[in-house]
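Hi,

Here is the structure I promised to pass on. Have a look at it first, and then read on for what I found.

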Amino acid sequence: MQVNADLMTTIAKLQEQQDSSGICEIMYRAIGNYGFESFIISGLPDRGVDVRPFVLLSGWSDEWYERYTGLGYVHLDPVARRCFSTTLPFDWSEAPYDHEADLPARRVMDEARDFGMADGFCVPIHMEGGMQGVVSLVGDATQIDDKARLELHMLALYAHGQLRFLNSSRSDRSIKRAITSREGEVLKWVAAGKTASEIADITGLSQRTVNQHCENAQKRLGTNNRVHTVVEAIRHKLISL
Amino acid sequence: MIFTNIARLEGRALLRGVIKRLGAAMKVHVVRAPVERCSIDLLERNYRLRHTIFVDMQGWEAIRRPDQRDVDDFDTDDATHLLLTDGDELVGGSRFTPLEKPNLLQTVFSGLVQGNLPASPSLGADWTRFYVRPDRREGRRRAPESAALFCAVMEYALLEGYAFITFVSTIYMLEHGVSLGWRITPLGAPAIIDGKPTVAAWIEVSEEALANVRRSTGQPALGLLDLAPTGRTGPAIPVLSRY
């Protein structure tokens, strides 16, 4: 099967972009060809961690974005939840939750519908080292065939990869440098006064890995020691206690 | 003791530079025919580890061998192996086959290739058997072992004067490669192989691609290229092959 020529052009253009606004424009045009209206591209944090530093590019309305991020909806949203358990793209309507018992999940889905986001197509992104991300498209997913799904999957991988690259090269000096969700989790335990060996017991990670997470977070935040790292992470709302 | 055998390259001193220190004890070894006596054992360990990873763990049954060594039709004198060691332990590797010689892409995976190569086959190599020992990939981080190999791959491709590298992998590798600042172009539409969406693609080899992978992985520049012939830019190599 030949690659879709439009997709090849879009892929090439995405990789030429040096800022996220260029990627945003290309994405709108590309997903429009498949009948989708809007999108968000983001990393997914661990429970309790603010999603905002993880957002790479949002095409959502300001009102919905503020609501979704400000109220921690990412931790209730069944679509985000499902990303952790599959490598394959799925329709929002396929994200399972208990409609009777899981009221918070239902609230997120109902409110999204009220904001004109009743249906969508979600591409989970699994990064090296187990970090989790997502490219989620707003629109009617029932009308796209398997070929289109695979093309949108490719498109999502390229867009996410390019944004991640731009993020890593631009944020060398930026204060708002995101830490990974696992680093955030470890730092929260550090903030709670736990030692590396206690954190290893709690999280099931090895002590070496726990220390590595702390060192990585320190490197990302440009801090000098563990206390400094925790303080900066809290100050920039990268972790919440 | 490390060994290099880069007879094709003029100036052995230049190649010796490829064997470099990465962190405390990690080193990248360039192994190619004629394999020096001191590299024979490392190459043998590479074949056995590859069998463990690609056959026993990833379930690639087509290449299973009773002697538990992954040695295929392309482990010939034309192949170059980049092998990563930490102290005495082999922790990762990759294989390169010049595209002018028989290679995996244009035989086993030729069905994935519909487009043309970006340049003459003499300017490219097929990158295969990329692996990092699984116990080195734990935790939520990019393993320094992967980072070291990615950087070594691009550095090696530049030193060899390649303009591009081809690879076959699950499509997830496209995201990884692009996030390193590499330009990657599919050679055909993805197909489902062993239940996974799989694609053939090529990576542009360039000084920029090397600078980008170093910066995005936090690996220091080692000044190797200062010794190398300059002026060659163009398509670059992809890094993340599953096969």
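Let me start with chain B of this predicted model. Chain B has five helices and nine strands, and along the sequence these elements come in the pattern α-β-β-α-β-β-β-α-β-α-β-β-β-α. Of its 243 residues, 60% count as buried. If you take the contacts in chain B with a separation of 6 or more, 74% of them are between residues 24 or more positions apart.

Next, the interface. On the chain A side 41 residues are in contact with 30 residues of chain B. About 3,200 Å² is buried between the two chains, and carbon and sulfur atoms give 55% of that area. Within chain A, the residues that lose the most area to chain B are A:Gln15, A:Glu128 and A:Phe165, which together make up 21% of what that side buries.

The part of chain A I would like to show you is a pair of helices, α9 (residues 207-221) and α10 (residues 226-235). Their axes come within 10 Å and cross at roughly 65°, and the crossing is left-handed. From α9(A), the residues A:Asn211, A:Cys214, A:Ala217, A:Gln218 and A:Leu221 meet A:Arg226, A:Thr229 and A:Ala233 of α10(A). Sorted by class, this contact comprises four nonpolar, three polar and one charged residues.

Which residues of α10(A) are buried? They are A:Thr229, A:Val230, A:Glu232 and A:Ala233. Looking down the axis of α10(A), these buried residues fall within an arc of 165°, so they line one face of the helix. They pack against α7 (181-191) and α9 of chain A. A:Val227 and A:Arg235, on the other side of α10(A), are exposed. After the helix comes A:Lys237, which has a positive phi, near 55°.

One last spot to look at is A:Thr180, in the loop between α6 (146-170) and α7 of chain A. Is this residue buried or exposed? A:Thr180 has a relative accessible area of 3%, and because the cut-off for buried is under 20%, A:Thr180 counts as buried. Its C-alpha atom is separated by 9.3 Å from that of A:Leu238, although the two residues are 58 residues apart along the chain.

Happy to go through any of this with you.

Best wishes

Definitions and conventions: Residues are numbered from 1 along each chain as its sequence is written. Chains are lettered from A and ligands numbered from 1 in the order in which they are written. This is a predicted model: local features need pLDDT of at least 70, side-chain atom pairs count only at pLDDT 80 or more; totals for chains, interfaces and linings use all residues. Side-chain values use heavy atoms; hydrogens and water are left out. Axes are lines fitted to C-alpha atoms, for helices over the stretch in contact, and angles run from 0 to 180 degrees between N-to-C directions. Helices (H or I, at least four residues) and strands (E, at least two) are DSSP runs, numbered from the N terminus. A crossing is left-handed if the near helix is turned anticlockwise from the far one by less than a right angle, and right-handed if clockwise. Contact means heavy atoms within 4.5 Å. Ala, Val, Leu, Ile, Met, Phe, Trp, Tyr, Cys and Pro count as nonpolar, Asp, Glu, Lys and Arg as charged, and the others, Gly among them, as polar. Buried means under 20% relative accessible area, exposed over 50%, partly exposed in between (1.4 Å probe, protein chains only). The arc is that of the directions from the helix axis to the C-beta atoms. Buried area is the accessible area (1.4 Å probe) that two parts lose on being put together, summed over both.
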